[in-house]
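This briefing sets out selected structural features, grouped by topic. The sequence and the structure are shown first.

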Amino acid sequence: MTTLPAIRLKPLVWHPHLPPVELAEATDRQLQAMRVTPSAKKVSPYVRTLAHDPDSYVARTELFNAIMYVRDGLPRADRELGALAASTVNGCRYCAVVHARQHANLSQSDHVVSALMLDRPDALSSRDRAIYEFGQALSVTPSRAGPDHIAALKANGLSDIEIIDLIHAIAIFGWANRLMHPLGHSEPAISTREKP
């Protein structure tokens, strides 16, 4: 494996263009909907923005959870790499940083993120390169994904079910990017040490 300088991405903060639902003013349906968060950990401004339409939010989030957090099938780090590829093509900087960091955390390595940020896809393993290139090709409109991409995934050990899992992860990020991008903007987080 090629040795690259380690690139560590700083977190970004997402700011909605529309005022998010305030928890104190939320309807019972909105509060119920927000219990189905993607990570089941917090109610972010993004969640509170989507909660303006609670039924759509629940439908979207249950599908998202089933694709990204299912226990079996394609390893979660590979799903995160597919999400990163889609977010890169779609220009969603916030999602790209979040899923690059998730991939590094799950794989216990910064190598993939470093290779991609340094524009060195040649430094990726054959498996990671096949996943990333498929994610990018599938995210272009019209799709550029084809039989050669599927053959590369299979040659790197992905089963048919794992390839379907990867397609789901890439596709839902086409949707997630298109929701997040026009609803707000991101900027680098300011650490407490940097605040005036």
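D119 is placed in the loop between α6 and α7. The model is a predicted one, and the points below take up loop geometry, salt bridges, the annotated domain with its helices, and individual contacts.

**Backbone geometry in the loops**

- Although D119 is not a glycine, its phi is positive, near 55 degrees.
- D119 is exposed, because its relative accessibility of 63% lies over the 50% limit.
- Q108 is another non-glycine residue with a positive phi, here of about 60 degrees.
- The loop that holds Q108 runs between α5 (93-107) and α6 (111-117).
- With a relative accessibility of 66%, Q108 counts as exposed.
- A cis peptide bond leads from T141 to P142, and its omega is near -10 degrees.
- P142 belongs to the loop between α7 (126-139) and α8 (147-155).

**Salt bridges**

- The structure contains 8 salt bridges, and three of them are described here: E80 with R76, R79 with D165, and D122 with R120.
- Side chains of opposite charge can pair when their charged atoms come close.
- In the pair of E80 and R76, the closest N and O atoms are 3.1 Å apart.
- E80 and R76 are separated by about one helical turn, because they are 4 residues apart in helix α4 (residues 76-90).
- An α-helix has 3.6 residues a turn, so residues three or four places apart point the same way.
- E80 is buried, at a relative accessible area of 2%, whereas R76 is partly exposed, at 26%.
- The side chains of R79 and D165 form a salt bridge with an N to O distance of 3.3 Å.
- This pair ties together parts that are 86 residues apart in sequence, because R79 lies in helix α4 and D165 in helix α9 (residues 160-183).
- Both R79 and D165 are buried.
- D122 pairs with R120 in a salt bridge whose closest N and O atoms are 3.0 Å apart.
- R120 is partly exposed, its relative accessible area being 28%.

**Annotated domain and helix α3**

- An unreviewed UniProt entry carries the annotation "domain: Carboxymuconolactone decarboxylase-like" for residues 54-114.
- Over residues 54-114, helix makes up 80% of the chain and strand 0%.
- The C-alpha atoms at the two ends of residues 54-114 are 38 Å apart.
- Helix α3 (residues 54-68) consists of 15 residues.
- From its first C-alpha to its last, α3 reaches 20 Å, which is close to the 21 Å expected at 1.5 Å a residue.
- The buried residues of α3 are P54, Y57, V58, R60, T61, F64, N65, I67 and M68.
- The elements that cover the buried residues of α3 include α1, α2 (45-50), α4 and α9.

**Nonpolar surface patch**

- L23, L31 and V43 make a nonpolar surface patch of about 210 Å².
- L23 is in the loop between β1 (12-16) and α1 (28-33).
- L23 counts as partly exposed, at 46% relative accessibility; this value meets the requirement for patch residues, because that cut-off is over 30%.

**Contacts of R101 and S186**

- R101 is placed in helix α5 and is partly exposed, with a relative accessible area of 39%.
- Leaving aside residues up to four places away in sequence, R101 touches L9, K10 and P11.
- R101 and L74 are 27 residues apart in sequence, and their C-alpha atoms are 18 Å apart in space.
- S186 lies in strand β2 (residues 184-188).
- S186 counts as buried because its relative accessibility is 16%, and the limit for that class is under 20%.
- Leaving aside residues up to four places away in sequence, S186 touches L12, V13, W14, R93 and Y94.

Terms used: Residues are numbered from 1 along each chain as its sequence is written. This is a predicted model: local features need pLDDT of at least 70, side-chain atom pairs count only at pLDDT 80 or more; totals for chains, interfaces and linings use all residues. Side-chain values use heavy atoms; hydrogens and water are left out. UniProt positions are given in the numbering used here, feature names are shortened, and annotations may be inferred rather than shown by experiment. A salt bridge is a side-chain nitrogen of Lys or Arg within 4 Å of a carboxyl oxygen of Asp or Glu. Buried means under 20% relative accessible area, exposed over 50%, partly exposed in between (1.4 Å probe, protein chains only). Patches are made of residues with over 30% relative accessible area and no salt bridge: like charges are joined within 9 Å, nonpolar side chains (Val, Leu, Ile, Met, Phe, Trp, Tyr) within 5 Å. Accessible areas come from the Shrake-Rupley method with a 1.4 Å probe; for residues, only the protein chains shown count as cover. The expected span of a helix is 1.5 Å times one less than its number of residues. Contact means heavy atoms within 4.5 Å.
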